[in-house]
Every structure is written in C-alpha cells, then in structure tokens.
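Please open the model in your viewer and keep the sequence panel beside it. The tour moves from a single residue to the whole chain, and then through helix pairs and a few further residues.

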Amino acid sequence: MDRAFNLLSQLAESGADPGMSLAELSAASGLANSTTHRLLVSMKHLGYVEYEESKGLWSVGIKAFSVGNAYLRKRDFITQARPIMRELVAETGETSNLAVIKGDRHVFVGQIECKEVMRMVVQVGSGGYLHASGVGKALLSAMQEADVRQIIERTGLKPLSEKTIVTIDGLLAELAKIRKTRYALDDEEQTPGLRCIASNIYDEYGEAIAAVSISGPSVRILDTRIEAIANSVIQKADAITHTIGGRRPRSTDG
C-alpha cells in the first residue's frame, strides 16, 4: 500500500500534463519497472489511475479525484449543515446542535439557538460524555459493539443524573433501539429537566461523521411531542447527509 500510494502521490505532485511514463514513475519512486507496472495496473482496475496507451502515459484517475473531493466535503459539512439546522429550529422551536466524536467524548462543532428565553446554550468546542447525551448515543450506535465496549472501559459510565444509563448491558440495549428507530433520546440523562433528540449524519461511505440534534427543557419537549420532533431531526439529518454527498447505510442494525 505504501508503494501504491507513493506512485499516486508522484502522479498528483508531478504537474506533468498529460501524465508520466512508466520509466519516469519508476525513477521517481525508486521501484523496479516491473513492480511499478504491476501496481499501476492494479490501481487502473480500481480507477485510481488512467493510462493513455497511444502516448504511454499514466495520470491520476477519477476515483482518486472522488476520494479527494469527499475529504473536502467532509471538512465543510459544518457550513453546509447550518441552513438545514436553521430549518430544524424553525420546525421544532428548540436549539439545534451539531457534534462529532473526538477521542472518547463528543464535541459540539455547531449550534443554532432558538428564540426561547429558556433554552440550551453550549460553547462550540465543548464536549461531554457519550453515554449520557443524545448526540453521543447516536454516534455510539454507529459503532461496532467491541469499539463501544473499549470506550466505556476507558471512560466508565459516570452517573450524571438519576436517569443516566450506568450499565454496559443497558447502554448496548439502548444503542440497539437507536439503530432501529434512527434517533437517540437523552431523557434528562445528562442534565435534569433537559431533553435532547439526535440522529446521525453519514458520509459517502455510509459512515457516521456527526450527529445533529435539538435540545430543550422537558416541559416543552413533552412525551407527546417526541415522535414528531424525532421525525424532524431524522429528516434534517438525512438532508445534511444528502447535501454533503453522503448516504445512509442500508441497515443500521448490528
């Protein structure tokens, strides 16, 4: 893999138009012609390089461009999410947050506040425990069980309120439910009197890269409103996923 990516880097950085010859690539990479040719043929089959037979020149393929462009979309998903988060605030009347996983915690990377006097306000860049928050549980639900267990082994299941899930079996059961419903509910598990509903945003590989949520006091986010609000959150998460060129995995179970 190191040698293949080195060849791809040589093609990308050379600036040669319309490409480089086998001899040039071999010299630049320090590989034998036969090894260089074998690697290039493999990458050609995958679409990462292209070969112009009439000129005997190799160049970067469309697949390499697609992967690089996906990185740019991922970097900019916060900006692209904000208009859709504003729509979510308008629909629900509550504050919308955007969070990612950093290490063993979730970190807020965006927020659109509602106009209510009593509302949730977090500082962008602040974080919290994954097991006791809507965004955290949503992101955990996209992980393999082994990875979830490793995180909990490191962080523990700290009780933050009387409703915090404090057993691994309880958390795993909660994550299984989230995979089926496609939304996570923080039912005053982090802060008494505060509820949060979150759903995942996915990249082009169907991998969860962030979670969008709404948060507000339990006196406004009543039991009778949870399903309707959850549907709005799921729809907006899907809209952000679509906007950044991502796709929801076919199945979120398991």
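Is Ala173 buried, partly exposed or exposed? Select Ala173 and show its surface: this residue is partly exposed, because its relative accessible area is 47%, where buried means under 20% relative accessible area, exposed over 50% and partly exposed in between, with a 1.4 Å probe and protein chains only. Ala173 lies in helix α8, and helices here are DSSP runs of H or I with at least four residues, while strands are runs of E with at least two, both numbered from the N terminus. If you add Gly47 to the selection, you will find a partner 126 residues away in sequence, with 41 Å between the two C-alpha atoms.

Before going further, note that this is a predicted model, in which local features need pLDDT of at least 70 and side-chain atom pairs count only at pLDDT 80 or more, whereas totals for chains, interfaces and linings use all residues. Residues are numbered from 1 along each chain as its sequence is written, and side-chain values use heavy atoms, with hydrogens and water left out.

**The whole chain**

Zoom out and colour by secondary structure, which comes to nine helices and eight strands. The radius of gyration of the chain is 23 Å, well over the 18 Å that the globule rule gives for 254 residues, so the chain is more spread out than a compact globule; the radius is taken over C-alpha atoms, and the rule is 2.2 Å times the number of residues to the power 0.38. Taken along the principal axes, the box filled by the C-alpha atoms is roughly 70 × 40 × 30 Å. Buried residues make up 46% of the 254 residues. Among contacts with a separation of 6 or more, 57% join residues 24 or more positions apart, a contact being heavy atoms within 4.5 Å.

**Helix pairs**

Two packed helices are described by the angle between their axes and the distance between the axes. The axes are lines fitted to C-alpha atoms, for helices over the stretch in contact, and the angles run from 0 to 180 degrees between N-to-C directions.

Return to α8, residues 168-181, and select with it α7, residues 145-155: their axes come within 11 Å and cross at roughly 140 degrees. That angle makes α7 oblique to α8, since angles under 35 degrees count as roughly parallel, over 145 as roughly antiparallel, 65 to 115 as roughly perpendicular and the rest as oblique. Show as sticks Glu145, Val148, Arg149 and Ile152 of α7 together with Ile168, Leu171, Leu172 and Leu175 of α8, which make the contact. By class, this contact has six nonpolar, no polar and two charged residues; Ala, Val, Leu, Ile, Met, Phe, Trp, Tyr, Cys and Pro count as nonpolar, Asp, Glu, Lys and Arg as charged, and the others, Gly among them, as polar.

Keep α8 selected and add α6, residues 134-141, whose axis comes within 9 Å of that of α8 and crosses it at roughly 80 degrees. The two helices are therefore roughly perpendicular to each other. On the α6 side the contact is made by Lys137, Ala138, Leu140 and Ser141, and on the α8 side by Leu171, Glu174, Leu175, Ile178 and Arg179. These residues divide into five nonpolar, one polar and three charged.

Now move to α1, residues 2-14, and α2, residues 22-29, whose axes come within 10 Å and cross at roughly 115 degrees. That makes α1 roughly perpendicular to α2. Their contact brings together Asn6, Leu7, Gln10 and Leu11 of α1 with Leu25, Ala28 and Ser29 of α2, a set of four nonpolar, three polar and no charged residues.

**Further residues**

Most residues other than glycine have a negative phi. Select Arg182, in the loop between α8 and β6, where phi is positive at about 75 degrees although the residue is not a glycine. Next select Glu188, in the loop between β6 and β7, which also has a positive phi, near 60 degrees. Glu188 is buried, with a relative accessible area of 18%.

Finish at His242 in helix α9, residues 223-243. His242 is exposed, with a relative accessible area of 65%, and its C-alpha atom is 9.0 Å from that of Ile201, 41 residues away in sequence.
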